[in-house]
Amino acid sequence: MSAREEILGRLRAATTEVTTPVGHRGPAPVIGVPSPGAGETLELFAENVADYRASVTRCRPEEVGTVVAGLLDRAGARSVVVPDGLEASWVAAAREAGVELVPDSGADGALLTAAELDAVSAVVTAARVGIATTGTVVLDHEPDQGRRALTLVPDQHVCVVRADQVVHDVPDAVALLEPRRPLTWISGPSATSDIELDRVEGVHGPRTLDVVIVG
Amino acid sequence: MTLQTTSPIFLGMPSFQKAAKDALRNTQQRRNLAHATSTIRAKRAAVVGEVDRWEELRVAGADAKDEVLHHLPHYLEQLEANLVANGATVHWARDADEANRIVLDLVRATGSDEVVKVKSMATQEIELNERLEEAGIHAWETDLAELIVQLGHDRPSHILVPAIHRNRAEIREIFRREMGGVGRPAPDDLTDEPARLAEAARAHLREKFLRARVAISGANFAIADTGTLVVVESEGNGRMCLTLPETLISVVGVEKVLPTFADLGTFLQLLPRSSTGERMNPYTSMWTGVREGDGPQDVHVVLLDNGRSHVLADDLGRQALRCIRCSACLNVCPVYERAGGHAYGSVYPGPIGAVLNPQLRGTGSDVDKSLPYASSLCGACFEACPVRIDIPSLLVHLRTQVVDEASGRSPEALSMKAAAWMFADHRRLEAAQRGATLGSRLLGDRTVRSLPGLGAWTQARDVPSPPPETFRQWWARTHGYDVEEAP
């Protein structure tokens with residue numbers, strides 16, 4: 001008998017006394033806090049993002065380029081990787097200020113290697129959804145965010161979130177996401193609590209996370 | 001039903017009570033544990049207190065897990081179909097040996113002689129690292145705490161923070177002594193500042209991440225209706241392993257399944273708040289099979305039984321399979337806080353380990369026989385558990401099993417039989433009590449530390465010396481007649 005058949009057989013034999021049908025409990029219950037209003041949700045999002053030592057900047061749509069250039073400059077970034085679908089105006093000011101723009105796909109269509117990415121200072125991306133109660137941004141790695149490695153290997157991540165992308169609680173975000181896309185949930189910069197359970201920011205992922213809220 | 005072969009217990013592991021006695025003498029470890037568990041208890045209490053509907057979330061979590069456990073074959077087949085449809089290869093492993101063989105063959109097929117690993121309880125349970133090393137394949141643990149344990153040639157002592165028994169000064173020494181032997185050495189001026197230690201780990205592991213071709217992970221959740229695997233972490237080492245290599249092998253216990261993607265709305269609230277005491281952990285990765293042009297293109301999932309079907313067969317005991325490995329029960333347990341994790345003789349320590357290990361492995365060994373007694377039954381673990389596992393009731397259930405399995409000839413079973421005979425007739429009871437008070441005059445006020453033949457029970461408890469006079473004797477003396485003759 002194959003391992004598969006044997007394991008399934010054991011599991012069936014272990015539950016012969018169960019009388020309820022599959023799906024007995026009904027659909028997954030949605031347990032979350034409803035938004036008290038768009039303004040309050042946005043305030044809470046900004047507060048909780050900042051609470052985990054990410055920087056938060058709020059600006060109008062036409063100011064994104066200037067804000068991004070300022071954040072890159074503050075962290076001393078010399079080069080920035082740009083996802084193929086990123087809004088070009090977001091990094092135009094940074095290029096003018098002398099930051100080297102590194103496209104993920106080269107002229108020959110080849111993607112950057114991990115080692116090439118490791119030599120880049122920063123990455124700028126959009127986001128899919130923001131969650132207020134937890135201060136989380138979720139990437140679904142559409143072309144304006146790029147593949148997963150882009151937001152992982154460089155040491156600074158500037159993430160631009162539109163105000164209308166911010167939902168109030170975790171179940172609202174789960175309902176919006178497409179499970180067949182790779183998804184990365186980010187809450188503050190890389191951190192560890194492994195030494196005496198004290199939280200330390202900055203291990204393997206980007207040590208600087210800058211969140212820009214637009215609108 | 002015979003027990004399946006599960007992983008061996010830590011070699012020569014004595015009973016919990018014996019090991020705990022030694023651990024209690026380690027004052028450094030007790031200080032480290034008391035500091036760490038009180039820190040995390042306060043953080044957890046604060047973020048759980050923020051959620052008004054916490055109890056509803058706990059009930060929903062338990063319900064989702066019970067739905068899966070009651071119909072596990074159905075949900076596993078659904079998970080498998082969705083994984084395969086999205087380009088992953090699914091393997092099934094009856095026990096630790098089979099899982100290790102599958103992984104080893106997959107790694108060998110890539111030609112790589114090393115793998116990077118995301119912290120995974122399942123691969124610790126099957127002792128995968130040891131099997132890989134025997135076959136000449138280096139397994140690099142990349143979680144900071146696992147790195148500390150691995151470099152220190154040590155055993156994990158906590159589910160979430162396996163190096164909880166080490167303080168910063170000890171970690172600095174381990175890094176300085178060991179890092180150079182397996183890769184980039186720690187800097188000469190390394191201090192014991194946690195930020196500097198984390199930086200040293202970052203630099204040491206970065207070269208391994210960048211060159212790695214194979215990664216091995218577990219999964220916190222496996223979603224049946226989509227085929228999505230979920231890894232919840234903090235440092236980014238998980239993202240490195242799940243994203244950069246060409247081949248990804250995930251070893252997943254069959255009980256890790258959730259029915260639907262929507263269930264994550266519940267579990268991503270329950271797990272981080274219960275585990276690290278954060279509103280949300282820094283990074284959560286979700287992937288569904290293979291994504292062209294993004295991440296590993298060769299994706300394998302090994303579904304592991306290794307005793308879980310045995311646990312499932314006990315309709316009370318099966319609730320232990322709801323466990324999402326948050327470790328909240330460890331942090332609130334007065335016994336764990338003092339004895340530490342090593343005394344439990346398994347990668348699953350603390351209250352959940354005290355029920356899970358004897359269920360997964362049976363109660364044949366000294367340590368597994370003793371684990372159901374590694375508790376004062378105070379109930380704090382049940383209160384803290386995000387999926388409402390009634391650990392105290394399970395411990396009592398397992399104690400019954402341990403006594404029953406001693407086939408009526410154990411000192412405890414024999415003495416219970418003798419007690420039943422004695423209590424059945426008041427004249428026998430009075431005779432026994434006269435014997436005890438006589439003993440009291442011999443003992444005086446001395447505390448009885450242990451009774452011969454009743455080791456497991458009395459090793460952990462002092463027996464008060466019998467009183468010089470029983471209630472019956474006092475009544476007869478002061479009232480002038482026996483209680484049996486009361487008017």
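Here are a few exercises on this predicted model, each with a worked solution.

Ground rules: residues are numbered from 1 along each chain as written, and chains are lettered from A in the order written. Local features need pLDDT of at least 70, side-chain atom pairs count only at pLDDT 80 or more, totals for chains, interfaces and linings use all residues, and side-chain values use heavy atoms, leaving out hydrogens and water.

**Exercise 1. Work out the strand order of the open six-stranded sheet in chain B, and find its edges.**

Step 1: Strands here are DSSP E runs of at least two residues, helices are H or I runs of at least four, and both are numbered from the N terminus. Two strands pair if DSSP finds at least two bridges between them.

Step 2: Walk across the sheet and you get β1-β10-β7-β4-β2-β3 of chain B, with parallel pairing.

Step 3: β1 (89-93) and β3 (138-141) of chain B each have a single partner strand, so they're the edges, with one side of each lacking a neighbour in the sheet. On average, neighbouring strands are turned by 25° against each other, direction ignored.

Step 4: Zoom in on β7(B) and β10 (residues 298-304) of chain B: they pair in the parallel sense over seven bridges. B:Thr247, for one, has B:Asp298 as its bridge partner in β10(B).

Step 5: Now add helix α5 (residues 96-110) of chain B, which lies across β1, β2, β4, β7 and β10 of that chain and runs at about 145° to β1(B). Such angles run from 0 to 180 degrees between N-to-C directions, using axes fitted to C-alpha atoms (for helices, over the stretch in contact).

**Exercise 2. Describe how α1 of chain A meets α4 of chain B.**

Step 1: The axes of α1(A), residues 3-14, and α4(B), residues 72-85, come within 8 Å and cross at roughly 145°.

Step 2: Contact means heavy atoms within 4.5 Å. A:Arg4, A:Leu8, A:Leu11 and A:Arg12 make it from α1(A), while α4(B) brings B:Leu72, B:Pro73, B:Leu76, B:Glu77 and B:Glu80.

Step 3: Sort those residues by class and you get five nonpolar, no polar and four charged.

**Exercise 3. Find what lines the largest cavity.**

Step 1: A cavity is a set of points on a 1 Å grid over the protein atoms alone where a 1.4 Å probe fits but cannot get out; lining residues have an atom within 4 Å of a point.

Step 2: Of its 36 lining residues, B:Lys119, B:Leu160, B:Asn220, B:Val232 and B:Glu233 lie nearest the centre.

Step 3: α6 (121-125), β6 (228-233), β7 (247-253) and α12 (264-275) of chain B each supply at least two lining residues.

Conventions:
On a 1 Å grid over the protein atoms alone, a cavity is a set of points where a 1.4 Å probe fits but cannot get out, and a pocket is an open set with protein on both sides within 12 Å along at least five of seven lines; lining residues have an atom within 4 Å of a point. Ala, Val, Leu, Ile, Met, Phe, Trp, Tyr, Cys and Pro count as nonpolar, Asp, Glu, Lys and Arg as charged, and the others, Gly among them, as polar.
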